[in-house]
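Here are some comments to read alongside the coordinates, set out as numbered points. They concern helix packing, burial and a few backbone details.

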Amino acid sequence: MVPPGKKPAGETSNSNKKCKRYFNEHWKEEFTWLEFDYERKLMFCIECRQALVKNKHGKAENAFTVGTDNFQRHALLRHVTSGAHRQALAVNREQLAFESRVHPELRSVLKVEVNPAKVAVLTTVYWMAKEDIPGEKCSSLLDLQKFNLCQALLASEHSEFYHPGSAREMQAAIAKVLHNEDRHRIKASPFVGLVVDETVDVLEQRSLAVFTTTVSPCSGQTSATFLGSFELPSGGASTVAGKVAEVMRSFGIPTMKLTWLRADSASLVAERLSGAGAALTSLCPLLMEMHCLSHGSSLLPADSIGSIEYLQKYETTVDAVYRLYSSFRGERNGLQELQSVLDLCEIDLGSPRAIHWTSIFPAVEAIDSSWPTLVLLLESEAERSPVAHGLCEELKKFQFVAFTKILLDVLPIFQKLRRFFQIEDFDLSILKPIVSATATTLQAQKSTSGQNLQEFLNEMNEHPRDDREGESRLYYKGVELANCSKVHLKHFERLKESYLESVRGNLLDRFPSSILEAISSFSAIFNPKCYPQSLEDIGSYGVSELNFLLQAYSRVVVSERALSDFPLFKRIVFSLSQLSFKDLCVKLVYSSSEMHELFPDFAVLAAIALALPLGSVLAEKISRGRELLQRSRTHRGKDEGLSDLMKIAIDGPASSEFDFALAIEYYESTREPGFIVAQVK
């Protein structure tokens, strides 16, 4: 039987052997020297065939020069580490060097000689970027290494090009090496996911930080990489969509490969995102967009905050409290918790970015627990400080305390959602239930108060007023609350309903039913733990979910074949109950696996699922990117080299794993007179 999607054994297999094996086209992506002769049905090594190096027996022929049908990956691994292959590479390099002297036009394809001193300088620049060391420290670090007798820097001079003032250009060359790897990774990946995060610097200039998720067909493993920070002109959805499309062209991302678009930033408000998503969907037919919740991002877009009258007032009050406290650092022992929040949540009060206090649970929690102490301290300073007097009056209002309690009921719910997007081996099956349960809880709290608000209402003490018959004073923790009339209480009820409905609506906007249905369907098909417990019950299992996916991705799958394969696929998945969702998808995407060959359509769907931009690695890189942007732009302002520096810091491997020889080649090519003249023109 010929596996689906494969040619008959006699065409590309070692058909004369008992166990038939097939040549895998993806091997050519991993082993660039590999070629396949489709007429003779043999694979060979270009480098060895060109060099024809004689072995210890005096023969220049080997399996990879005459051609072999041993279609096994470990045969390729043995060859690439063999002495004959390494010697062939050296011979070809020497031949190319000789030809370049005769034909100068070939010099650009040669690797430069790796001078240890040059590597030492570039290694220093690389390490500084990884450790976020300011560029002006480069000279002193090189001097320190010479003082410590670094032989590479002492033994020889390292060219006039290699001096601390050129650190920026060296970083650009290093980033180019990393970005070339990104392009190869994107080219090999069956599908790609994008994450966009809008940021603002101290000059109020906006930029778009872009990350990508890819899948390796050679291993099935996923990668998350930073593509860069790109300046964003003023404008609406078309500006965001245009910039994303520009980045896609720059990195060679085909429109048919882009399957997911995720946005975390609070500044990418709902109407801009939906507009950007709609514009990109017209270009990328497989695209689905989702707007996750990240740490510190607002639960509501800017227009919703403006439409809820009190919300902006509350955030302004909390912001003023934290700023007033920070100006008295160390002198308010009773408010240490507020300072701890600034440190714990890494809140920079000097940052130009808006701080969404109503979305930061520890900040609201600290305001609640410190409220009595805050009121007493502000009362003591009220006579000397108009600011303290105004804050004290605001904090004593019933509405402030009650709204704080609403936030204490709402924010922990969204913390669970945020954690979901940071789990590496995520269980997609729980996303739809969590979103549904969250929306139901928010709806219920509109009519029935949450736990914290109810406890607050129960703990208030009521005392009749002597001056106004029929009215009472309300006390909470020994403090008399202001604005407690029936009119104020009715106004608060409207505020509560309006806020909860806006948060609920924004949640459902972030996760539309189509996205939840797609993710739920992926989980039903590829998560063995979601399958029925009995083999007898899997007959009709997953049919509707598979039909949904086949319709959504009809451009890249063969529906009839997938439906025909589904019964056997389910029986095999049932027997693999020990695997997780990700493990099964990796097994399907891995191009050398039997499941990949048997179920080509399910392999395609598994690759789409793996490209979903979720997980702890991606979350850490996004967080690292924001940290670098905030720190660098606070100290440096606009910096054209910031994106390169961020690339190295976020994605740069260990120094021992980086190709400094290639970085030197890129760097020196930019310093050549011909290149400089071309740049000037």
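Which residues in α18 meet which residues in α19? The points below begin there, and they should be read with the reminder that this is a predicted model.

1. In α18, the residues that take part are Asp409, Val410, Ile413, Phe414, Leu417 and Phe420, and they meet Leu431, Ile434, Val435, Thr438, Thr441, Leu442 and Gln445 in α19. Sorted by class, this contact has 9 nonpolar, 3 polar and 1 charged residues. The axes of α18 (residues 398-420) and α19 lie 11 Å apart and the helices pack at an angle of about 170°; the two are therefore roughly antiparallel to each other, given that angles over 145 degrees are counted in that way.

2. Helix α19 (residues 431-447) also packs with helix α21 (residues 486-510), their axes coming within 9 Å and crossing at roughly 165°. That angle makes α19 roughly antiparallel to α21, and the crossing in which α19 passes α21 is left-handed. On the α19 side the contact is made by Val435, Thr438, Ala439, Leu442, Gln443, Gln445 and Lys446, while α21 contributes Lys496, Glu497, Leu500, Glu501, Val503, Arg504, Leu507 and Leu508. The residues of this contact divide into 7 nonpolar, 3 polar and 5 charged.

3. A colleague looking at α15 (residues 336-344) may wish to colour the helix by accessibility, where Leu338, Gln339, Val341 and Leu342 are buried. These residues cover an arc of only 150° around the axis, which puts them on the same side of α15. The exposed residues Gln336, Asp343 and Leu344 are carried on the face turned away from that buried side. Following α15 comes Glu346, which has a positive phi, near 50°.

4. How many of the residues of helix α29 (residues 642-651) are buried? The count is 10 of the 10, so α29 is largely enclosed by the rest of the structure. The buried residues in α29 include charged side chains as well as nonpolar ones, with Asp644, Lys647 and Asp651 listed alongside Leu642, Leu645, Met646, Ile648, Ala649 and Ile650, and with Ser643 among them too.

5. Leu550, which has its place in helix α23 (residues 543-552), is buried, with a relative accessible area of 3%. Setting aside neighbours within four places in sequence, Leu550 is in contact with Val557, Ser559, Ala562, Leu563 and Leu605. The C-alpha atoms of Leu550 and Phe602 are separated by 9.9 Å, although these residues are 52 residues apart along the chain.

6. Two lysines deserve a look at their backbone angles. Most residues other than glycine have a negative phi. Lys41, however, has a positive phi, near 60°, and is found in the loop between β1 (34-37) and β2 (42-45). Its relative accessible area is 28%, so Lys41 counts as partly exposed.

7. Where is Lys477 found? Lys477 is in the loop between β9 (472-476) and β10 (479-480), and its phi is again positive, near 55°. At 47% relative accessibility, Lys477 is partly exposed, since the exposed class begins over 50%.

Key:
Residues numbered from 1 in each chain as written. Predicted model: local features only at pLDDT ≥ 70, side-chain atom pairs only at ≥ 80, totals over all residues. Heavy atoms only, no water. Axes fitted to C-alpha atoms, helices over the stretch in contact; angles between N-to-C directions. Helix = DSSP H or I, 4+ residues; strand = E, 2+ residues; numbered from the N terminus. Parallel < 35°, antiparallel > 145°, perpendicular 65-115°, else oblique. Left-handed = near helix turned anticlockwise from the far one by under 90°. Contact = heavy atoms within 4.5 Å. Buried < 20%, exposed > 50% of the residue type's maximum accessible area, 1.4 Å probe, protein only. Arc of directions from axis to C-beta.
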